[in-house]
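Colleague: Please pick one part of this model and look at it closely, residue by residue where that is possible. A connected account would suit me better than a list.

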Amino acid sequence: MKRLISTGTLLAGLFCAGMGIAQEGDAPELLDRQSGAYLAARNAAAAGDFAAAADYFGQALTGDPQNPYLLENTAIAFVALGDFASAVPVAQQMRLAGIDSQVSNMVLICDAIVQGDWDRVIADFDEGRSVSPLLDGLVKAWAMQGVGDMTRALAGFDAVIATEGMAGYGLFHKALALASVGDFEGAEAILSDSTLGSANFGPRAAVAHAQILSQLDRNEDASALLTTTFGDTIDPAITALQARLDGAEAVPFDLVTSPREGVAEVAFMIAALLSSEAREDYTLQYARVAQYLAPGNADAAMLTAGLLQNMGRYDLAATAFASVPQDDPSFVNAEIGRIDTLRRSDQIDVAAEVAQSLARARPDLAFVQARLGDVLRDSGDSDGAIKAYSAALDLYPETDPNRWVVYYTRAIVAHDIGDWDQAEADFRAALAINPDQAQVLNYLGYSLVERGEKLDEALEMIERAVADEPESGAIVDSLGWVYFQLGRYDEAIAPLERAAVLEATDPIVNDHLGDAYWAVGREREARFQWLRAQSFDPEEKLAERIRAKLERGLDAVRRDEGLDATRPELTDARP
């Protein structure tokens, strides 16, 4: 007897396939047994460790090889890894066992497509092997084109168009199908419709439309379309296409050149639609399908990598970014993504190597030089970072608003190495471009306070920063600390207490509040805050100062440092 298992969808709607993680209720016998492999598999899946999940689910299957829950989750783990070669035997085993599952249906559809067996794809749908209404309809239409029946293919797209809520998706894919067989006039008529123009279908539709217009000897119109859609973009893929359109020759239509790529586009479209609303592990399955069917689809690789990055699966994300070939216009963005992933996974040395290689390959790109500066700063190469930031500033146009970020980061590095003149100049250059940027106002204001310089100006800067970001504990702390440095101890208490709430485990914030309490005579509370600060593992210099304050009091420590006492009436206050 056929067994049907239900895998709850994470997003209700026409483009949702039930390929979510199977739930505990699907496997009560496993829950009763509480096998070690099963529990390890569940934990690994929940953590997004798909390789471990696949391994542990596989181990659990040895004791119960036809268990629907184990089989489906094993398949899901392999799909999440992009390992369809391993997912296919699991899906075949499920089908032989009479288990109907959306994820196994999708895996076997992909397998048939890769083998060019479009008849099997059509037969599966005819036998009721569904994934989701939208995917089923569009893939079946592409499959009709795959068997060479364009008439039935167009009828299939029309059926999707006639379904409530699906018209836009059906029209877009009908246009792609027409363009893929050279009917550019028919495709353009759909995409230029005043009510359903390409802008309504998304960015990739605009790219397809531009390529189609170019095939119709309308490069100027194609270029104008991209400008309208993307504006002043620095996206390398769009700028590369724009540059080709400015030439005399027609740009080829290559967004979708075959039914297989058409199905990949269906999966990518659904993944993109889900990416802002569904869980990453769910959306990832569609992105992996798109990658598998169209390995050259850089957008699918980038989407996959971004999802994995958000899930903290940095090893898999780096691999996905690295899959974008060097000759693809998206390669630079992919390498930037890989650099960020390596930085997040604390592989700073590797990130620096990748960033330096990219900077050598593309010395003309300001944002590449700026990212190199970030990585070199992480690695402790301050001189290299400043050199890279300077190169970025030389490349950015004077009118580019992004220059403030580079001035700001270069200022931080200069401040860290003790070059205050350069740091202050860069902070002020950043503010000249972006006068109300709270982080810059706070950093410069706090630095001036620490140096005991221009305290009135510093106070005004920090007050503006707090007004802009009142929930930032670091900025609120700066406000309290400038009051303290000005000797306005009573006024310092409220913002420092607020900062200690916002940044409860920050040793510097708690230490500042302790100093303010001491200055107003609240010695017991001061000692409590210093002890709290000490418990949060401060840097050694601060830790030594806290120990001295706990032993001899703040004013004794300040006198040793050549500073005025906060309470001159006390000559040797000891807690």
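**The largest pocket and its surroundings**

Modeller: The lining of the largest pocket consists of 23 nonpolar, 8 polar and 8 charged residues. The model is a predicted one, and this pocket is the part I will follow. Its volume is about 1,100 Å³. The lining counts 39 residues, and those closest to the centre of the pocket are Arg204, Val207, Leu255, Asn297 and Asp299. Helix H10 (167-180), H12, helix H14 (236-245), helix H15 (259-274) and H17 each contribute at least two lining residues. H15 has the largest share of this lining, with 7 residues.

Two of the residues closest to the centre, Arg204 and Asp299, are paired with each other. Their side chains form a salt bridge, with N and O 2.4 Å apart. This pair connects distant parts of the chain, since Asp299 belongs to helix H17 (residues 298-310) and Arg204 to helix H12 (residues 203-215), with the two positions 95 residues apart in the numbering sense of being 95 residues apart. The two partners are not equally accessible: Arg204 is buried, at 13% relative accessibility, whereas Asp299 is partly exposed, at 31%. Arg204 is classed as buried because its 13% falls under the 20% limit, while the 31% of Asp299 lies between that limit and 50%.

Asn297 is another of the residues closest to the centre of the largest pocket. Its place is the loop between helix H16 (280-293) and H17. Asn297 is buried, with a relative accessibility of 10%. Leaving aside residues up to four places away in sequence, Asn297 touches Arg204 and Glu265. Arg204 therefore has a contact with Asn297 as well as the salt bridge to Asp299, and its own relative accessibility is 13%.

For comparison, the second largest pocket holds about 800 Å³ of space. It is lined by 22 residues, and Glu450, His512, Lys541, Leu542 and Arg545 lie nearest its centre. Helix H25 (438-451), helix H27 (473-485), helix H29 (507-519), helix H31 (540-552) and helix H32 (554-560) are the elements that give two or more residues to this lining. H29 gives the most, with 5 residues. By class, the lining has 10 nonpolar, 3 polar and 9 charged residues.

The Asp299 and Arg204 pair can also be set beside other salt bridges, of which the structure holds 38. Asp378 and Arg343 form one, with closest N and O atoms 2.6 Å apart. Here too distant parts of the chain are linked: Asp378 is in helix H21 (residues 366-379) and Arg343 in helix H19 (residues 331-344), 35 residues apart. Asp378 is partly exposed, with a relative accessible area of 36%. This pair is part of a network of salt bridges that joins Asp340, Arg343, Arg371, Asp374 and Asp378. A further salt bridge joins Asp111 and Arg120, whose closest N and O atoms are 3.6 Å apart. In that pair Asp111 is buried, at 11% relative accessible area, and Arg120 is partly exposed, at 26%.

Key. Residues are numbered from 1 along each chain as its sequence is written. This is a predicted model: local features need pLDDT of at least 70, side-chain atom pairs count only at pLDDT 80 or more; totals for chains, interfaces and linings use all residues. Side-chain values use heavy atoms; hydrogens and water are left out. A salt bridge is a side-chain nitrogen of Lys or Arg within 4 Å of a carboxyl oxygen of Asp or Glu. Buried means under 20% relative accessible area, exposed over 50%, partly exposed in between (1.4 Å probe, protein chains only). Helices (H or I, at least four residues) and strands (E, at least two) are DSSP runs, numbered from the N terminus. Contact means heavy atoms within 4.5 Å. On a 1 Å grid over the protein atoms alone, a cavity is a set of points where a 1.4 Å probe fits but cannot get out, and a pocket is an open set with protein on both sides within 12 Å along at least five of seven lines; lining residues have an atom within 4 Å of a point. Grid points are joined across faces, edges and corners, and a volume is the space filled by probe spheres set on the points. Ala, Val, Leu, Ile, Met, Phe, Trp, Tyr, Cys and Pro count as nonpolar, Asp, Glu, Lys and Arg as charged, and the others, Gly among them, as polar.
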